[in-house]
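Me: I've got this fold open in the viewer and I'd like a close look at one buried spot and whatever surrounds it. Could you start there and work outwards?

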Amino acid sequence: MNANVNATGTNENIGRILRAALVPVLAGAVAIGGLSVWTASGAAGRPPSVTVEDARVLLPFGTDDTAAFVKVRNNGDADDELVGVEVPTAGSAMLSRTVVKDGAGSMRMVPSATVPAGGTLDMSPHALDIMITSPPRLAPGDRLPLTLRFRESGTVQVEAVTVRPGNRG
């Protein structure tokens, strides 16, 4: 009789354990299913995805510093941030912004620039640019390699075409 009671008690314990385990397993399956449907419908959004185009660098006067400009498109649904620029063949490169106060322009170094979701960051001589110190010798049409670092999208390498000031290339 004791053997029969122990077997019945063991079966009841196993049943309780299985029912207790079933609840979190079902909850997890429902959550994963819901997230899958949400993502597949596009409601989850796309992460930042940048492309860089129209890269150009101004022909420096002799050994003077110069500036480069790019257009960055973000095809994602979240902002990204340009956090750094490298020019392997130059002394250094940094983001700078032209600030006009009382009719006089000056350069201000900036640590980063936002690339808006679904939008464009378009650099120009009158706004944001890439200040390049100690550039290599360049002639019109020469290409200068740039490495742009983004917070979310990683690094993007482009070649900027050398143009004369005032020429969009």
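**Starting from Thr-162**

Reply: Let's begin with Thr-162, which is buried: its relative accessible area is just 3%. Keep in mind that this is a predicted model, so every value here is computed from predicted coordinates. Thr-162 belongs to strand β10, spanning residues 154–163. If you ignore neighbours within four places in sequence, its contacts are Val-57, Leu-59, Leu-138, Ala-139, Pro-140, Gly-141 and Asp-142.

Now follow β10 to its partner. Strand β9 and β10 run antiparallel and are joined by eight bridges; one pair to click on is Arg-149, which sits opposite Thr-155 in β10. The two strands make a hairpin, with three residues separating them. β9 pairs with β3 as well, again in the antiparallel sense, here over four bridges. Within that pairing, Leu-82 has Phe-150 of β9 as its bridge partner.

That last residue takes us into the nonpolar interior. The largest nonpolar core holds 33 residues, and Phe-150 is among those touching the most other members, together with Met-123, Ile-130, Ile-132, Leu-146 and Leu-148. At least two core residues come from each of β1, β2, β3 (80–86), β4 (92–101), β6 (113–115), β8, β9 (143–150) and β10. For a feel of the packing, pick Leu-146: beyond four places in sequence, its contacts include Ala-68, Val-70, Ile-130, Ile-132, Val-156, Val-158 and Ala-160. Glu-86 and Gln-157 are also on that contact list.

Ala-68 is a handy way across to β2, because it stands opposite Ile-130 in β8. Three bridges hold β2 to β8 (residues 128–133), with the strands antiparallel. Eight of the nine residues in β2 (66–74) are buried, so the rest of the structure largely encloses this strand. β2 also pairs antiparallel with β1 (50–58), over six bridges, and with β7 (120–122), over three. Lys-71 shows up in both of these: Glu-53 stands opposite it, and Asp-122 is its bridge partner in β7.

What about charge pairs? Side chains of opposite charge can pair when their charged atoms come close. Searching the whole structure turns up six salt bridges. One of them ties Glu-81 to Arg-151, with 2.8 Å between the closest N and O atoms. It links distant parts of the chain, 70 residues apart: Glu-81 is in β3, while Arg-151 is in the loop between β9 and β10. Arg-151 itself is exposed, at 52% relative accessible area.

Another salt bridge joins Asp-77 and Arg-46, where the closest N and O atoms are 3.0 Å apart. Here Asp-77 is in the loop between β2 and β3, and Arg-46 is in the loop between α1 (2–40) and β1. Asp-77 is partly exposed, at 44%. A third connects Asp-54 with Arg-56 at 3.6 Å. Arg-56 counts as buried at 4% relative accessibility, whereas Asp-54 is partly exposed at 32%.

Zooming out, the chain has one helix and 10 strands, and the helix comes ahead of the strands in sequence. Of its 169 residues, 31% count as buried. Among contacts between residues at least 6 apart in sequence, 67% join residues at least 24 apart. The chain exposes about 10,300 Å², with carbon and sulfur atoms supplying 57% of that.

Key. Residues are numbered from 1 along each chain as its sequence is written. This is a predicted model: local features need pLDDT of at least 70, side-chain atom pairs count only at pLDDT 80 or more; totals for chains, interfaces and linings use all residues. Side-chain values use heavy atoms; hydrogens and water are left out. Buried means under 20% relative accessible area, exposed over 50%, partly exposed in between (1.4 Å probe, protein chains only). Contact means heavy atoms within 4.5 Å. A nonpolar core is a set of buried Ala, Val, Leu, Ile, Met, Phe, Trp, Tyr and Cys residues joined through side-chain atoms within 4.5 Å. Accessible areas come from the Shrake-Rupley method with a 1.4 Å probe; for residues, only the protein chains shown count as cover. A salt bridge is a side-chain nitrogen of Lys or Arg within 4 Å of a carboxyl oxygen of Asp or Glu.
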